[in-house]
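Take a walk through this model, one feature at a time. The path runs from charges over rings to aromatic pairs, then to a sheet and some unusual backbone.

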Amino acid sequence: MTMTITTATTMAVLLKPMISAQRLLLFQTQKHTSIIAQQPKQHGSLLVASSVRQSDNYCRNLVDEFDPNIPIEKALTPPSSWYTDPSFFYFELHRVFYKGWQAVGYTEQIKNPRDFFTGRLGNVEFLVCRDDGGKIHAYHNVCRHHASLVASGNGQKSCFVCPYHGWTYGLDGALLKATRMNRIQNFDVNEFGLKLLNVATWGPFVLLNLDKEILPQQEAEDTVGSEWLGSCSEFLGANGVDSSLSYLCRRVYDIECNWKVFCDNYLDGGYHVPYAHKGLASGLNLNSYSTTTYEKVSIQSCDGGSTESEDDIDRLGSKALYAFIYPNFMINRYGPWMDTNLVLPLGPRKCQVIFDYFIETHLKDDKDFIERSLVDSERVQIEDIMLCEGVQRGLETPAYCTGRYAPTVENAMHHFHQLLHDILKE
């Protein structure tokens, strides 16, 4: 029996580079379909369709390598290919991030008329603004003339002027001016406004939905809470996740790891905290750590622990709550603080994590307390980045394929993987 196991392991190590090469070939085929399409249309279309089907079938086979129905006590984690394979990354991008409501910002960014902000989710460039009447709009941030980005960053504008050729759009998305088009034929200005996206708010957050037909604003507002948070919506609202907090600042981290590595690290039930975050661990009672899962949300909570530093007690308070909202948004509520983590996929082994910090209004002018707390938070983030980048490097080696769950603590992680499997199978 020992010989059989050793042989199988050795073969897996030897075959992994070959498998990776096959995956790369499939990825290259998928990414270069435009070149194939330049061939005569009759044959090119067939080749494109065939290569897409092959890539989809290949990725569906990778999805099937994880069985969500096996109890956590017996389950294997998803294979390393979910975190390393380029074709799998693009497969999940369309099925995970272009469906359902996605958090993209916060209401403070569009607090006043004419405020706007921009962003990117996958390959979708978006623009969110508030018009003079107070209505929120969201658009694809792409000029209808030659595809230039219409706006960048954030700020205030009375209209959006494309920096390329000066096409001008109103805050309602309508095309107001198309320069030097006086001889154009068959051109209806009403058909060339910015393309709409569904937008809604919940609490202090702004959300987009890329896959729905455009809904009336009120309908979107009425349904976003139940669709995004499910039955957890009332719980979060009752536990300090609301619009009463004051926005403070943003920190952005580019991390050399797959987006799911960061999520997994967040969802391990505090398993890594005493080993990687000794300063944080001293302010938490890790024996009280608990996890509750909802439809698309998992809640990890922990009591504050005793510490010699009064500042740490004030920062963490008597209870810490960590909410993970599928697929990539995290809300951390502790003491007078709330911070959010938005994980954006940038590539198979790269993601960006955006931290936004909020604080209870009565402390927004306490600069010393805020600065000390942000330094403590920054220390934790740097420690997590080192962990996540180390995990990514390990996933890319031939020595690792799948792992196991710690049943008493990693329930939220297992729940996340089950949700991923379900959406990838659709």
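A charge sits over a ring if NZ of Lys or CZ of Arg is within 6 Å of the ring centre and within 35 degrees of the ring normal. Lys260 fits that description: it lies over the face of Tyr83, at 5.0 Å from the ring centre. Arg144 offers another case. Its charged end sits over the ring of Phe192, 5.1 Å from the centre of that ring.

Before going further, a word on confidence. This is a predicted model. The protein chain has an average pLDDT of 87, and 85% of the residues score at least 70. Residues 1-41 are another matter: pLDDT stays under 50 there. For that stretch the model has 28 contacts beyond four places in sequence. Read the placement of residues 1-41 with that score in mind.

Now to the aromatic rings. How many aromatic pairs does a search of the whole structure find? The search returns 26. One of them joins Trp202 and Trp228. Their ring centres are 6.2 Å apart, and the planes meet at 65°. That angle makes the pair edge-to-face, because the class takes planes over 60 degrees apart. The two residues come from distant parts of the chain, 26 residues apart. Trp202 belongs to strand β9, residues 198-202. Trp228 belongs to helix α6, residues 217-229. Are these two residues buried or exposed? Trp202 has a relative accessible area of 13%, so it counts as buried. Trp228 is buried too, at 3%.

Trp337 and Phe369 make up another aromatic pair, with 6.2 Å from centre to centre. Here the planes are 40° apart, and the pair is tilted. Trp337 lies in strand β16, residues 337-347, and Phe369 in helix α12, residues 367-395. The pair therefore ties together parts that are 32 residues apart in sequence. Trp337 is buried, with a relative accessibility of 1%. Phe369 is buried as well, at 5%.

Aromatic residues also gather in a cluster. Which residues form it? The members are Phe97, Trp259, Tyr266, Tyr322, Phe324, Tyr326 and Phe416. Keep Tyr326 in view, as this residue returns below at a cis peptide bond.

Next comes a sheet. Strands of a sheet pair through backbone hydrogen bonds, either parallel or antiparallel. This one is open and has 4 strands, in the order β4-β3-β2-β5, with antiparallel pairing. Which strands stand at the edges? They are β4 (136-140) and β5 (154-156). Each has a single partner strand, so one side of each is left without a neighbour in the sheet. On average, neighbouring strands of this sheet are turned by 20° against each other, direction ignored.

Follow strand β2, residues 115-121. It runs antiparallel to β5 and is joined to that strand by 3 bridges. Across this pairing, Phe117 stands opposite Asn154 in β5. β2 also pairs with strand β3, residues 124-130, again in the antiparallel sense, over 6 bridges. There, Thr118 stands opposite Leu127 in β3. β2 and β3 form a hairpin with 2 residues between them. Gly122 in the turn has a positive phi of about 65°. How covered is β2? Mostly: 5 of its 7 residues are buried.

The last stop is the backbone itself. Most residues other than glycine have a negative phi, and most peptide bonds are trans. Three places depart from this pattern.

The bond between Tyr326 and Pro327 is cis, with omega about 5°. Pro327 is found in the loop between β14 (319-325) and β15 (329-334). Tyr326 is the member of the aromatic cluster flagged above.

Arg180 is not a glycine, yet its phi is positive, about 55°. This residue is found in the loop between β8 (175-177) and β9. Arg180 is exposed, with a relative accessible area of 82%. Asn186 also has a positive phi of about 55° without being a glycine. Its place is in the loop between β8 and β9. At 83% relative accessibility, Asn186 counts as exposed. The strand that closes this loop, β9, is where Trp202 of the edge-to-face pair lies.

Conventions: Residues numbered from 1 in each chain as written. Predicted model: local features only at pLDDT ≥ 70, side-chain atom pairs only at ≥ 80, totals over all residues. Heavy atoms only, no water. Phe/Tyr/Trp six-rings, centres within 6.5 Å; stacked < 30°, edge-to-face > 60°. Buried < 20%, exposed > 50% of the residue type's maximum accessible area, 1.4 Å probe, protein only. pLDDT = per-residue confidence, 0-100. Contact = heavy atoms within 4.5 Å. Pairing = 2+ DSSP bridges. Axes fitted to C-alpha atoms, helices over the stretch in contact; angles between N-to-C directions.
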